[in-house]
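Let's take a friendly walk through a protein chain together. Have a look at the sequence and the 3D picture, and then we will go from the whole chain down to single residues.

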Amino acid sequence: QVQLVESGGGLVQAGGSLRLSCAASGRIFSVQSMGWYRRSPGKQRELVAEFSRDGTKYGNSVKGRFTISRDNAKNTLYLQMNSLKPEDTAVYYCHVERGTVGVVSDDYWGQGTQVTVSS
């Protein structure tokens, strides 16, 4: 079992910045990917940024503005968000995929943290 707790969300004006954190605990091993997704009312869940064995991926709408990073010693994942826009308003979720490629895959999600960007 993996537990994920996000923090750092809030209200910010357009053009501002926020840094989200995701603290992980539990059985953290055989991690295939870890990253951030977001969802706003009326929209599908979308990838924001993700580490995987294949590399680092960013959603097209956040490229050049957001940066994903991690501190393995602290079991913490971060998302630095700069030049925020109103369309970035959403609930942001931390995600971990654990397992063995081609054998098993388990998905873990945090509770989400609200990010609201005012114009």
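What pattern does the protein chain follow when read along the sequence? The pattern is β-β-β-β-β-β-β-β-β-β-β. Keep in mind as you read that this is a predicted model.

## The overall build

The count fits on one line: eleven strands and zero helices in the protein chain. With a radius of gyration of 14 Å, close to the 14 Å that the globule rule gives for 119 residues, the chain is as compact as a globular protein of that length. If you follow the C-alpha trace along its principal axes, the span is about 45 × 25 × 25 Å.

Now think about who touches whom. Among contacts in the protein chain with a separation of 6 or more, 55% are made by residues 24 or more positions apart.

## Surface and charge

Of the 119 residues in the protein chain, 39% are buried. The chain exposes about 6600 Å², and carbon and sulfur atoms supply 46% of that area.

Charges are worth a glance too. The protein chain has 14 positive and 10 negative charges, and the mean positions of these two groups are 3 Å apart.

## The nonpolar core

The largest nonpolar core holds 26 residues, and the members that touch the most others are Trp36, Val48, Phe66, Leu77, Leu79, Met81 and Tyr92. At least two residues of this core come from each of strand E1 (2-7), E3, E4, strand E5 (46-52), strand E7 (66-71), E8, E9 and strand E11 (113-118). E9 gives the largest share, four residues.

Try picking out Met81 in the picture. Beyond its neighbours within four places in sequence, Met81 is in contact with Gly16, Ser17, Leu18, Leu20, Arg65, Phe66, Tyr92 and Val115.

## Two serines in loops

Here is a handy background point: most residues other than glycine have a negative phi. Ser30 is not a glycine, yet it has a positive phi of about 50°. You will find Ser30 in the loop between strand E3 (18-26) and strand E4 (31-39). Is Ser30 buried or exposed? Ser30 counts as partly exposed because its relative accessibility is 39%, while buried means under 20% and exposed over 50%.

Ser83 also has a positive phi of about 50° without being a glycine. The loop that holds Ser83 runs between strand E8 (76-81) and strand E9 (90-100). With a relative accessible area of 42%, Ser83 is partly exposed.

Definitions and conventions. Residues are numbered from 1 along each chain as its sequence is written. This is a predicted model: local features need pLDDT of at least 70, side-chain atom pairs count only at pLDDT 80 or more; totals for chains, interfaces and linings use all residues. Side-chain values use heavy atoms; hydrogens and water are left out. The radius of gyration is taken over C-alpha atoms; the globule rule is 2.2 Å times the number of residues to the power 0.38. Buried means under 20% relative accessible area, exposed over 50%, partly exposed in between (1.4 Å probe, protein chains only). Contact means heavy atoms within 4.5 Å. Accessible areas come from the Shrake-Rupley method with a 1.4 Å probe; for residues, only the protein chains shown count as cover. Lys and Arg count as positive and Asp and Glu as negative; His and the chain ends are not counted. The place of a charge is taken as NZ of Lys, CZ of Arg, CG of Asp or CD of Glu. A nonpolar core is a set of buried Ala, Val, Leu, Ile, Met, Phe, Trp, Tyr and Cys residues joined through side-chain atoms within 4.5 Å.
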